Amino acid sequence: MNLIYILIGLVGLYFGGEGLVRGAVSIAERMGVSKLVIGLTIVGMGTSAPELLVSLKAALSGSSDIALGNVVGSNIANILLILGVSAIVYPIMQWDKNVRRDVIVALGAALLVLYFAQSPVIGRLDGIIMLAGLGAYLFYVFKNEAKAIKPEIAASDIAASQMPLWQGIAFMVGGLALLIVGADYLVEGAV
């Protein structure tokens with residue numbers, strides 16, 4: 001039965017994350033948000049929503065080892081597996097200053113988690129420090145990118161992949177619901 005719960009959870013997380021990101025991107029495009037900002041926030045955060053909900057559910061149910069393992073494992077998979085396979089399929093050549101900046105921040109975040117993990121407990125203050133770091137990073141990126149982005153947005157860029165507003169909202173709400181249910185099932189089955 002536990003394997004079935006894990007399978008249901010994984011399917012729910014997959015389709016929930018997909019729906020949440022599709023709906024949010026469609027709404028953001030409709031509002032004229034730049035593709036860079038969409039990628040940094042909506043896609044970046046939206047694709048992390050399954051890990052966030054699984055970690056929250058695990059922490060709330062007293063399985064903090066699953067929460068920490070989920071975060072570390074997800075980052076290892078994102079960096080080594082996904083980037084590695086992508087580079088095999090097609091060489092990645094866009095190593096500009098923004099990519100270097102993001103790599104340095106990711107390395108710093110990993111070192112910060114390593115430092116916090118040396119103590120017996122990663123507590124609220126540690127969490128506040130990490131969230132403040134994320135906020136500072138996003139503020140810095142948005143501030144710098146706002147200077148570089150042209151204010152005019154082509155109508156063809158916005159309308160190209162847009163779904164109706166009601167459908168975007170439905171995808172977001174349905175995706176979030178599937179993420180919550182998927183996280184519950186996955187943690188229940190894993191524990």
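This passage walks through the helices, cores, contacts and salt bridges of a predicted model.

The overall layout makes a good starting point. The protein contains seven helices and zero strands, so read from the N terminus its elements follow the pattern α-α-α-α-α-α-α. The chain has 191 residues, and 25% of them are buried. The accessible surface amounts to about 12800 Å², with carbon and sulfur atoms contributing 72% of that area. Contacts across the sequence are also worth noting: among those with a separation of 6 or more, 76% join residues that are 24 or more positions apart.

Helix 1 offers a convenient first stop. The 29 residues of this helix should span 42 Å at 1.5 Å a residue, and the end C-alpha atoms are indeed 42 Å apart. After helix 1 comes G32, which has a positive phi, near 85°. Within helix 1 itself sits G9, a buried residue with a relative accessible area of 0%. Leaving out neighbours within four places in sequence, G9 is in contact with G182, Y185 and L186. A further partner in space can be picked out here: the C-alpha atoms of G9 and V187 are 7.9 Å apart, although 178 residues separate the two in sequence.

Helix 3 tells a slightly different story. This helix covers residues 64–89, 26 residues in all, and reaches 36 Å between its first and last C-alpha atoms, close to the expected 38 Å. A kink of about 30° is present in helix 3, with its centre on A77. The buried residues of helix 3 include A67, N70 and S74. Two of these residues meet a neighbour from helix 2, the element that runs over residues 35–60 and holds S55. With residues up to four places away in sequence set aside, S55 touches A67, N70 and V71. S55 has a relative accessible area of 11% and is therefore buried, since the cut-off for that class is under 20%.

The nonpolar interior comes next. In soluble globular proteins, nonpolar side chains tend to be buried together. In this model the largest nonpolar core has 11 residues: L13, L20, A49, L53, V54, A58, A67, L179, A183, L186 and V187. Helix 1 (2–30), helix 2 and helix 7 (165–190) are the elements that each give two or more residues to this core. L179, one of the core residues, shows how these parts come together. Apart from its neighbours within four places in sequence, L179 is in contact with G12, L13, G16, G17, L20, A49, P50 and L53. There is also a second, separate core, made of six residues, among them V21, A24, A28 and I42.

Charged side chains complete the picture. Side chains of opposite charge can pair when their charged atoms come close. Three salt bridges are found in the structure. In one of them, R22 meets E18 with an N to O distance of 2.7 Å. R22 and E18 are four residues apart in helix 1, and so about one helical turn separates them. An α-helix has 3.6 residues a turn, so residues three or four places apart point the same way. R22 is partly exposed, at 47% relative accessible area, and E18 is partly exposed too, at 31%.

Another salt bridge joins the side chains of K57 and D184, at 3.6 Å from N to O. This pair links distant parts of the chain, with K57 in helix 2 and D184 in helix 7, 127 residues apart. Both of its members are partly exposed: K57 has a relative accessibility of 29%, and D184 has a relative accessible area of 33%.

The remaining salt bridge is formed by R101 and D102, whose closest N and O atoms are 3.1 Å apart. Here the two partners fall into separate classes of exposure. R101 counts as buried at 15% relative accessibility, whereas D102 counts as partly exposed at 27%.

Notes. Residues numbered from 1 in each chain as written. Predicted model: local features only at pLDDT ≥ 70, side-chain atom pairs only at ≥ 80, totals over all residues. Heavy atoms only, no water. Buried < 20%, exposed > 50% of the residue type's maximum accessible area, 1.4 Å probe, protein only. Contact = heavy atoms within 4.5 Å. Areas by Shrake-Rupley, 256 points an atom, 1.4 Å probe, with all protein chains shown as cover. Expected span 1.5 Å × (residues − 1). Bend = angle between axes of the 7 residues up to and from the residue. Core = buried A, V, L, I, M, F, W, Y, C linked by side-chain atoms within 4.5 Å. Salt bridge = Lys/Arg side-chain N within 4 Å of Asp/Glu carboxyl O.
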